[in-house]
Amino acid sequence: MMKQTTMGVIEITGQPDACRGTLMNSAEDLVERARRGDEEAFRLIFERYGRPVISFIYDMVGERGLAEELTQETFVRAYRSLNAFRDEARISTWLFGIAKNVAREALRARHKENSKVGITDQIVLNLPDEQPAPDCRLLDKELNGVIRDALKTLDEDKRLVFTLRVFQQRSYEEIAEITGFSLAKLKTDLHRARIEMRRLVSPYMGVKQ
Amino acid sequence: MKCEECLALLEEYTDGELDVRTARLLTTHISACMACERAWKELRCEQEMYAGYQREVDVSPALWAAVQGRIEDERAVGSGQWAVGSGQKAAFGFSLARLREWLSGGTNALGIRHAIVAALAFVVIGTIAGMMRYVDWQGREPSREVVTQNESQKNTQTAVDPDKLVAAQGPKEQVAEKKNRENTERQADSRQSVNEGKRSNTLLAARDKRIKRVNPKPLAPSADRVSDELITKADQEYKAAFSTIADAYRREREQLPGPATETARHVERAELLLRSFRNADLSSTAFDLAYEQQHSKKLLYKNISLRRDAAAKGDAPTEELLGSLEPILLDIANLPNDPSPEDVRAVVERMQRKEMVAALQVHSMQTSRMNY
């Protein structure tokens, strides 16, 4: 039941201290407990943030196995630096920051590995043609596949800001904190990423370009 | 506001990143300008489509087990953070923890610490340089061996001239030796030409395959070209069909009445309000938040009614979400007429602690995923 007091303040009966309510297992609480050695608290952090972190990494690297491996690495690094972590209220920003570093390292390592491949290597010779077989083409045009493929065409910076904004719903301020980009750069990258994605995805959505 | 200005700010508006005043100007313009409204709707539609994007990854128990396993290993090494063992291992762990704490700022001896850190950096750089030189040397070693071998062969040949050697032998032996030498040279030549032939064949094959891969379409007109045309045609038809179906779904969803849509719209409005409130300029001394307060009051009434509906239907996640949203809406509605920066900051911090905006977005994403 809601009532308006003489002071014009709205109160909700049955929910005392509604304004001051804090969630049990809040981020600060979990971090503090994990620091003190509560393993269960760290498991809860993993449960709460594991899905967004793995999704973000997957969007960055585009490979399931690698995304799982890098998520593991992200949380191990987070555990290692629990003591150095200061702003408990922004745990997700902190985790995304670590995940970004881990994903970027993996992408660079993969780039280096790829550049080492020689022309006569068996792997290169066995690579399939870039054009998929006709029967696969139609199947591959499912919307998720379209978005996934379109994401892969973005360069690393654009993919990073696009993923954080559009899929992870981070604010510009948080994205700037995670990536270290200036506000102007991230706005430009995000705008260009949206245009590129629109160009590739809109034919399937009936959205005018 | 002009259309150009509005369109330039549309993405930030959709992202809820504009300050309260500019967002209000845009809202007014969009409600009066059909072209800008259409552009805004298209952007929203895109957002919804991205919200429906599903990945083939999930957090499995095995993943936590792997993380836990690695943390256990870390603990075994002994960070001294969670469980400190006994004996030498514990002492080692303790010292590592102390060192880490010390390096991260646990001591006040800044000058000394910087000096030691610089010395450590020199040692690390020196070690890396040494390792790189060693690796470089290792990489050159086989070729140097080959050169040495060739040179030694050459030296042997120059030191003992075979012709002179032959001259020192008898006539029969001279003929036999010459034949042997010719045979050996011929065999070596033929082996070399076979090897070169093989290598060039491999390279040619590789080049052919590469050409095929780079240029998958055959140059000559053939059945493949016809099939390519068919594929392109089918592709276009598929896109058109996909687009029609997506359009139909979207229109249907827009017209769909019912509590689920009502909650979704409410959550969307609340999200926009909270985003706009979060972006209030905290360095400012005077806030004009009358609109937000009024809007928050309206949303609060709606929130209570929707929360009760969700409770009656046993929709626990929605009930929980709206239950968390209520105190925030209440806080905004109850702000004084001229709120101080501290008042506003307190509400913003509460929103951030609860990660309210993110929770509302997750709900919107899930709703649109169900609708797709």
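**Reading a helix and a loop in chain A**

Mentor: In helix α7 (residues 143-153) of chain A, the residues Val146(A), Ile147(A) and Leu151(A) are buried. This is a predicted model, in which local features need pLDDT of at least 70, side-chain atom pairs count only at pLDDT 80 or more, and totals for chains, interfaces and linings use all residues. Residues are numbered from 1 along each chain as its sequence is written, while chains are lettered from A and ligands numbered from 1 in the order in which they are written.

Trainee: What is meant by "buried" and by "helix"?

Mentor: A residue is buried if 20 or more other C-beta atoms, placed from the backbone, lie within 10 Å of its own, exposed if 12 or fewer, and partly exposed in between. Helices (H or I, at least four residues) are DSSP runs, numbered from the N terminus.

Trainee: Where do the buried residues lie around the axis of α7(A)?

Mentor: An α-helix has 3.6 residues a turn, so residues three or four places apart point the same way. Here Val146(A), Ile147(A) and Leu151(A) are on the same side of α7(A), because they cover an arc of only 130°, taken from the directions from the helix axis to the C-beta atoms. The face turned away from that buried side carries the exposed residues Gly145(A), Lys152(A) and Thr153(A).

Trainee: Which elements do the buried residues of α7(A) pack against?

Mentor: They pack against α2 (39-61), α8 and α10 (183-201) of chain A, together with α3 (34-51) of chain B.

Trainee: Which sign does the phi of Gln169(A) have?

Mentor: Most residues other than glycine have a negative phi. Gln169(A), although not a glycine, has a positive phi of about 55°. Gln169(A) lies in the loop between α8 (156-167) and α9 (172-179) of chain A, and is buried, with 22 other C-beta atoms within 10 Å.

Technical notes:
Helices (H or I, at least four residues) and strands (E, at least two) are DSSP runs, numbered from the N terminus. Two residues are in contact if their C-beta atoms, placed from the backbone, lie within 7 Å.
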